[in-house]
Amino acid sequence: GVLRSRLSTGGAHHVAGMMCGAKQHSPLAALSFLVACSTSLSATVPAVPAVGSLVGPSSSSLLTNINDGLIQVVGRTQTTADGGLSYDMPGVSVTAEFTGATEVSATYTRVGDVYNAFVVTCDGVPQIDTSAETDGEMVGFSSFNTTGWTAGESVEVMLCAGLDPGASHTVSIVKSTEPMFNGREVFANYVTLLSIHGPSDSTF
């Protein structure tokens with residue numbers, strides 16, 4: 001899998017990663033913990049003076065931008081043959097800094113039918129969508145989830161909107177739910193990130 005290589009150079013990063021894998025029993029505690037943990041880990045990644053394209057909902061440049069340090073990934077992931085990033089573990093975060101965009105989106109696909117939810121932060125502010133959840137106990141704790149997604153189909157998700165294109169912005173996507181872990185029959189269940197993209201002239 002792809003684990004952000006620049007995060008493997010210090011013991012503090014290893015300890016922080018293990019802490020981020022800890023299960024939180026309260027939805028509110030889990031949300032606060034995941035957002036804070038993602039912010040803490042991404043803050044340790046050194047800036048890389050490179051520029052990558054933020055244009056086009058394809059996976060062709062996703063792994064290139066990750067390998068170039070323009071997109072930071074924390075957690076257990078696996079690359080796909082077509083250049084995507086697959087994962088199912090809780091606490092996996094994908095973070096990128098970009099400029100020149102008024103909005104930024106992501107394209108995902110899914111395999112399996114187990115519920116997955118995510119928390120998006122834009123410049124450190126959680127983008128909670130209260131209409132994203134049908135379960136009353138979960139309303140207010142996710143930005144988007146995989147309810148209604150058809151396996152194998154590409155789904156575009158709005159991450160941040162109403163941004164100042166002249167300023168630098170940071171977006172982070174954190175998976176906030178567990179994988180299927182206690183079923184008697186094991187079957188594939190994961191999501192694949194294909195791209196993070198914005199309007200023309202926007203760059204990482």
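Modeller: Before we start, a residue counts as buried when its relative accessible area is under 20%. Keep in mind too that this is a predicted model.

Colleague: Okay, let's use that cut-off. Is Tyr108 buried or exposed?

Modeller: The cut-off for buried is under 20% relative accessible area. Tyr108 comes out at 0%, so the residue is buried.

Colleague: How confident is the predictor overall, and what is the average pLDDT of the protein chain?

Modeller: It's a mixed picture. Residues 1-24 stay under 50 in pLDDT, although the model has 45 contacts for them beyond four places in sequence. Residues 38-49 also stay under 50, with 20 such contacts. Across the protein chain, 67% of the residues score at least 70, and the average pLDDT is 77.

Colleague: What about the overall layout? How many strands does the protein chain have?

Modeller: Reading from the N terminus, the elements run α-α-α-β-β-β-β-β-β-β-β-β-β-β. That gives three helices, and the number of strands is eleven.

Colleague: And what share of the residues in the protein chain is buried?

Modeller: The chain has 204 residues. Of the contacts between residues at least 6 apart in sequence, 76% join residues at least 24 apart. The buried share of the residues is 44%.

Colleague: Back to the aromatics. How wide is the angle between the planes of Tyr108 and Phe118?

Modeller: The structure holds five aromatic pairs. Tyr108 and Phe118 make up one of them, at 5.6 Å centre to centre. Tyr108 sits in strand S5 (residues 104-111) and Phe118 in strand S6, ten residues apart. Their pair is tilted, with the planes at 40°.

Colleague: Which element or loop holds Trp149, the other ring that pairs with Tyr108?

Modeller: Phe118 has 0% relative accessibility and counts as buried. Tyr108 and Trp149 form a tilted pair as well, 6.1 Å centre to centre with 40° between the planes, and Trp149 is buried too. The two residues are 41 apart in sequence, with Tyr108 in strand S5 and Trp149 in the loop between strand S8 (144-145) and S9.

Colleague: Which residues do the ring pairs link into a cluster?

Modeller: Two of the pairs share Tyr108: one with Phe118 and one with Trp149. The cluster also takes in Phe144. Put together, its members are Tyr108, Phe118, Phe144 and Trp149.

Colleague: How many residues does the largest nonpolar core have?

Modeller: Tyr108 and Phe144 turn up again here, as they are listed with Leu159 and Ile196 as the residues with the most contacts inside the core. Strand S9 gives the most to this core, with four residues. The total for the core is 33 residues.

Colleague: Let's zoom in on Ile196. Which residues does Ile196 touch, not counting those up to four places away in sequence?

Modeller: Leu159 is one of them, and Leu159 is also among the residues with the most contacts inside the core. The full set is Leu54, Leu62, Ile71, Val94, Val104, Ser105, Ala106, Leu159 and Phe204.

Colleague: Now the sheets. Which strands stand at the edges of the open sheet?

Modeller: This sheet has five strands in the order S2-S3-S11-S5-S9, with antiparallel pairing. Inside that order, three bridges join strand S3 (residues 85-87) to strand S11 (residues 190-197), and Leu85 has Leu193 as its bridge partner. Each edge strand has a single partner, so one side of it is left without a neighbour in the sheet; these strands are S2 (78-79) and S9.

Colleague: Strand S4 isn't in that order. Which residue in S10 stands opposite Phe98?

Modeller: Strand S4 (residues 93-99) is mostly covered, with five of its seven residues buried. Its pairing with strand S1 (residues 71-74) is antiparallel over four bridges, and Ile71 stands opposite Ala96 there. S4 also pairs with strand S10 (residues 168-175), antiparallel over seven bridges. In S10, the residue opposite Phe98 is His169.

Colleague: Last one, the disulfide. What is the torsion about the S-S bond of Cys122 and Cys160?

Modeller: The sulfur atoms of Cys122 and Cys160 are 1.9 Å apart, inside the 2.5 Å cut-off for a disulfide. Cys122 lies in strand S6 (residues 117-122) and Cys160 in strand S9 (residues 155-160), so the bond ties together parts 38 residues apart in sequence. Both ends are buried, with Cys122 at 8% and Cys160 at 1%. The disulfide is left-handed because its torsion is about -95°.

Conventions
Residues numbered from 1 in each chain as written. Predicted model: local features only at pLDDT ≥ 70, side-chain atom pairs only at ≥ 80, totals over all residues. Heavy atoms only, no water. Buried < 20%, exposed > 50% of the residue type's maximum accessible area, 1.4 Å probe, protein only. Phe/Tyr/Trp six-rings, centres within 6.5 Å; stacked < 30°, edge-to-face > 60°. pLDDT = per-residue confidence, 0-100. Contact = heavy atoms within 4.5 Å. Pairing = 2+ DSSP bridges. Core = buried A, V, L, I, M, F, W, Y, C linked by side-chain atoms within 4.5 Å.
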